[in-house]
Amino acid sequence: MNLSHIAAPADRPLGVGILGAGPVTQAIHLPALARLRDSLEVRHIMDVDPAVASSVAARVGAASSTSLEALLGDPGVDIVAICSPHHFHADQVIAACRAGKKAVLCEKPFAMNGEEAARIAEVSAATGVPIVVGAMHTFDPGWLAAEQNWGDLPAQAHTIRSSIVLPPNARFEDFATEIITRPTTGTPDYADVEVIKAMMQGGIMGLAIHDLPLVRRFTPDFDEIEVLQARHVRPFGYAISLRTPTRVIELRAVMNSTWKPEWTFEAIGDDSALRVDFTPSYVQAGSAVATFSRGSETSTFGPYGHNGYEGEWRELAELARGTRPAPSAQALIDDLTFALAISAATVQDVATGHAAATETAGATA
């Protein structure tokens, strides 16, 4: 019997089960959930490594297991968070929906291609289980305040920028090399086009993807995206210029030994502009600050008392209790399709540029 339509009692915390007990779970979700313990309670941690599962579960007094079936069969679990490797996401989201859970959070990306996304949307619609993708910036109260006050800027914006400067961390280093084997020296072979292609794909699907749903809000013709230039930035980063018939999009990122992290999103129109300054990933410190300018007038929104990580869990609690309408499955599919299109076009541009450079070098040798 499908129990997903039965609202959870408001007088008890909702039970959370987490698939995957790696850095995202330990450094992001557990601290956020600890601040929401009156409404959400971690009850089950699953990881393929039994020592990791039991150790992380012990921190929060939860049950542990090494199988998806054990977690989904736990009657104390109302919400499932999927923090496993990407290629498991689609099947695990679908299994959680069919298990009659009340809501599902899936880390980015929630599917590897359009076919998987369509299957997820179909099962979500059939079971009535809402799905939230962990794009934390879309749940940040600074961004939400900007959304409520930007007026006609999405219609008139001509330039959109996402700019990220961060110190390195293991998660994004892994994204950059998960498709290939790490060189034995520990230093990527920057002369190998396959290495650069993998790093660029990892940059889009592991880092830029945080802001691509925001970019899409200001890009009505997002399905006509074209890559003008794509460059890898050492040691791990990218500089990508894109355009549609009506928009110019700039995606920039670098991860180095910077002393001052910065993560900004900008949308610029003819007579108004928005800048949102986000806190870096993994940082549990307040919300974004949004600054909206029109002519000589400037309005600032934030910082607020919680960040986007906590915001997405607040959203999940309301969805599970039936106090908020479910998000559009088509919007999730469009966000994913947008990211996949940019990733594929970027990788192709890098490959084409490398082939041209190799041909030129051969001709002049």
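Gly22 sits in the loop that runs between strand S1, residues 14–19, and helix H1, residues 23–34, and since this is a predicted model, what I say about that loop, as about everything else, is computed from predicted coordinates. With a relative accessible area of 26%, Gly22 is classed as partly exposed, because buried would require a value under 20% and exposed a value over 50%. In sequence Gly22 is 62 residues from Ser84, and yet the C-alpha atoms of Gly22 and Ser84 are 8.1 Å apart in space.

That pair leads to the protein overall, which has twelve helices and 14 strands. Among the contacts with a separation of 6 or more, 69% are between residues 24 or more positions apart, and 51% of the 365 residues count as buried.

Let me turn to the interior. The largest nonpolar core contains 76 residues, and those with the most contacts inside it are Phe110, Trp143, Phe218, Tyr238, Leu251, Phe265 and Leu274. If we take Phe218 and leave aside residues up to four places away in sequence, we find that Phe218 touches Trp143, Trp150, Leu153, Pro154, Ala157, Ile160, Arg247, Phe265, Ala267 and Leu274. There is also a second, separate core, of 30 residues, which includes Ile18, Ile28, Ala103 and Met136.

Trp143 brings me to helix H6, where Trp143 is buried along with Pro141, Gly142, Ala145 and Ala146. The buried residues of H6 pack against helix H10 and against four strands, namely S11 (262–268), S12 (272–278), S13 (289–294) and S14 (297–301). At the start of this helix, a side-chain oxygen of Asp140 comes to within 2.8 Å of the backbone nitrogen of Gly142, and just after the helix, Gly151 adopts a positive phi of about 60°.

In the loop between helix H9, residues 193–206, and H10 we find His210. Is His210 buried or exposed? His210 has a relative accessible area of 1%, and is therefore buried, the limit being under 20%. A polar atom of the His210 side chain lies 2.9 Å from the backbone oxygen of Leu207.

Now to the empty space, for which the general idea is that a probe the size of a water molecule, rolled over the atoms, shows where space is left. The largest pocket holds about 790 Å³ of space. Which elements give two or more residues to the lining of that pocket? They are strand S6 (131–133) and the helices H6 (141–149), H10 (212–217), H11 (308–321) and H12 (329–364). The lining comprises 33 residues, and Ala135, Thr138, Phe139, Glu315 and Pro327 are those nearest the centre of the pocket. By class, this lining divides into 19 nonpolar, ten charged and four polar residues.

Finally, the structure has two cavities of 30 Å³ or more, and the largest cavity has a volume of about 70 Å³. Its lining is made up of Met136, His137, Asp140, Phe278, Thr279, Pro280, Val283, Asn307, Gly308 and Tyr309, which by class gives five nonpolar, four polar and one charged. Two of these names have come up already: Met136 is included in the second core, and Asp140 has the side-chain oxygen that reaches the backbone nitrogen of Gly142 at the start of H6.

Conventions
Residues numbered from 1 in each chain as written. Predicted model: local features only at pLDDT ≥ 70, side-chain atom pairs only at ≥ 80, totals over all residues. Heavy atoms only, no water. 1 Å grid on protein atoms, 1.4 Å probe; cavity = no way out; pocket = protein on both sides within 12 Å on 5 of 7 lines; lining within 4 Å. Points joined across faces, edges and corners; volume = space filled by probe spheres on them. Nonpolar A, V, L, I, M, F, W, Y, C, P; charged D, E, K, R; others polar. Core = buried A, V, L, I, M, F, W, Y, C linked by side-chain atoms within 4.5 Å. Buried < 20%, exposed > 50% of the residue type's maximum accessible area, 1.4 Å probe, protein only. Contact = heavy atoms within 4.5 Å. Polar contact = N/O pair within 3.5 Å; in protein donor to acceptor, adjacent residues only side chain to side chain.
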